Amino acid sequence: MIIADLQIHSSYSRATSKNITFQNLEKFAKMKGLDLLGTGDFQHPKQFESINKELKEDENGILWSKTGFPFLWQTEISLIYTDRDKGKGQRIHNLIFSPNKDVAKQIINALSKKGRLDYDGRPIFGFNSVELVDMMRGINEDIEIIPAHIWTPHFSLMGEYNQLTKVEDCFKDNTKYIHALETGMSSDPADNWRLSNLDKFQLVSFSDAHSMWPWRLGREATIFDFKELSYKNFLKAIRTGDGLKSTIETPTLYGKYHFSGHRNCGVVVSPKDSLKLNQTCPKCGNKFVIGVGDRIELLADREGGYKRENFKPFVSLVPLQELIAVVHNRPLASKNTWLIYNKLIEKFNSEFNIMLNASEKDLLEIVDKKLVDIILLNREGKLKIKPGYDGVYGQIILTEKETLQKQKSLTEF
């Protein structure tokens with residue numbers, strides 16, 4: 001089994017940590033329990049230089065650190081353009097995976113003819129997704145394109161801004177070359193099963209990490225079942241589902257765009273209530289920032305709870321460090337939070353082992369019962385969470401008083 005996070009950004013992307021290095025990524029990936037990472041931003045000149053300096057490619061297209069941790073050639077680009085048929089602006093983020101260094105260099109050369117690559121690790125281009133597929137397939141048919149965080153409001157395939165209702169609206173005839181969709185934090189596979197027109201796509205989850213910290217890295221991941229770690233096997237899993245085992249998600253309510261609302265007005269409403277309100281804020285009269293839940297409710301042709309044929313299972317987890325911070329009322333990166341986290345890692349080797357496998361008895365030998373109870377509730381999918389909305393992450397609810405406050409906020413309008 002290989003737990004992979006294949007949506008990473010380098011320190012050369014906007015709004016990212018300047019401490020993202022391959023050494024730090026490897027260090028915290030091992031603590032998290034990850035077995036494979038994307039390189040992030042391979043088309044950026046300085047990141048490409050770092051990849052060539054610090055990683056060595058094998059005959060299977062896998063890059064290895066000096067201490068033996070694997071990476072996959074990966075980047076993400078932003079396409080912002082006007083759809084000629086609709087006469088409307090479109091914004092979409094696409095992940096690109098390369099089978100090897102030689103192909104990565106050809107991708108870089110092709111993209112450099114379309115715009116600058118040195119100003120941002122996630123560059124913006126003015127051409128559309130159809131042209132992107134044509135360009136990549138003209139280089140090598142083993143290049144894989146996966147639309148990223150497909151439901152978020154502002155830069156996604158199915159989100160509110162684009163107003164697209166199916167993948168074909170974006171990729172046209174080239175949809176046949178799109179094999180997988182990345183669900184993003186604010187949706188999970190079960191949400192996507194509700195749309196029959198998505199049945200032909202594999203569903204994967206990655207973190208979109210802008211730092212190397214364990215509460216960001218691997219917060220979403222995909223589990224592969226490979227006999228051998230190779231780009232060929234990765235491609236087979238993405239294109240056929242053979243070798244794609246399951247995904248690790250964050251609870252959708254924890255995502256910062258799941259519910260609709262207005263942060264400045266302090267209004268947050270469920271998808272069904274939002275639609276009843278015509279997606280309009282009752283305080284200011286302006287349109288809500290439309291959440292993922294609204295879009296899914298609007299476009300779904302199946303009821304919640306439907307499981308599509310040959311579905312892949314998934315588990316939803318809030319990162320361990322966030323649980324510790326909430327239970328002990330300490331900042332996420334505080335000395336106290338790190339102390340408890342490191343004690344658990346020392347005992348159980350990785351965060352995923354703690355979250356998924358460690359027994360209650362063994363956990364109680366290391367940390368207090370309140371934290372153990374929250375870890376177990378997290379594992380069982382029973383955490384109470386105040387929904388995220390309008391760019392605000394969801395919040396874990398620990399007390400009955402908080403639960404009542406949450407219920408009031410969701411039924412007030």
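The following exercises, each with a worked solution, concern strand pairing, empty spaces and cysteines in a predicted model.

Local features are taken at pLDDT of at least 70 and side-chain atom pairs at pLDDT 80 or more, while totals for chains, interfaces and linings use all residues. Residues are numbered from 1 along each chain as its sequence is written, and side-chain values use heavy atoms, without hydrogens and water.

**Exercise 1. Strand β9**

State which residues of β9 are buried on each side, and identify the partner strand β7 and its direction.

Step 1. Helices (H or I, at least four residues) and strands (E, at least two) are DSSP runs, numbered from the N terminus. β9 spans residues 144-147.

Step 2. Buried means under 20% relative accessible area, exposed over 50%, and partly exposed in between (1.4 Å probe, protein chains only). E144 and I146 are buried on one side, and I145 and P147 are buried on the other, so that both faces of β9 are covered.

Step 3. Two strands pair if DSSP finds at least two bridges between them. Strand β7 (residues 88-97) is joined to β9 by four bridges, and the two run antiparallel. Within this pairing, L95 stands opposite I146.

**Exercise 2. The two largest pockets**

Describe the volume and lining of the largest pocket and of the second largest pocket.

Step 1. The search uses a 1 Å grid over the protein atoms alone; a pocket is an open set of points with protein on both sides within 12 Å along at least five of seven lines, a cavity is a set where a 1.4 Å probe fits but cannot get out, and lining residues have an atom within 4 Å of a point. Grid points are joined across faces, edges and corners, and a volume is the space filled by probe spheres set on the points.

Step 2. The largest pocket has a volume of about 560 Å³. Its lining consists of 24 residues, with H149, T152, D208, K256 and Y257 nearest the centre. Ala, Val, Leu, Ile, Met, Phe, Trp, Tyr, Cys and Pro count as nonpolar, Asp, Glu, Lys and Arg as charged, and the others, Gly among them, as polar. The lining of the largest pocket thus divides into six nonpolar, 10 polar and eight charged residues.

Step 3. The second largest pocket has a volume of about 240 Å³. Of its 13 lining residues, Y81, T82, D83, R84 and N128 are closest to the centre. β6 (74-83) supplies the largest share of this lining, three residues.

**Exercise 3. The enclosed cavities**

Determine how many cavities of 30 Å³ or more there are, and which element gives the most to the lining of the largest cavity.

Step 1. The count is two.

Step 2. The largest cavity holds about 70 Å³ of space. Among its lining residues are E144 and I145, both of which are buried residues of β9. α4 gives the most, with three residues.

Step 3. The second largest cavity has a volume of about 50 Å³. α12 (351-356) provides the largest share of its lining, three residues.

**Exercise 4. Cysteines**

Explain why C281 and C284 form no bond.

Step 1. A disulfide is a pair of cysteine sulfur atoms within 2.5 Å.

Step 2. The closest cysteine sulfur to that of C281 belongs to C284 and lies 3.8 Å away, which is too far for a bond. The count of disulfides in the model is zero.

Step 3. C281 counts as buried, at 2% relative accessibility.
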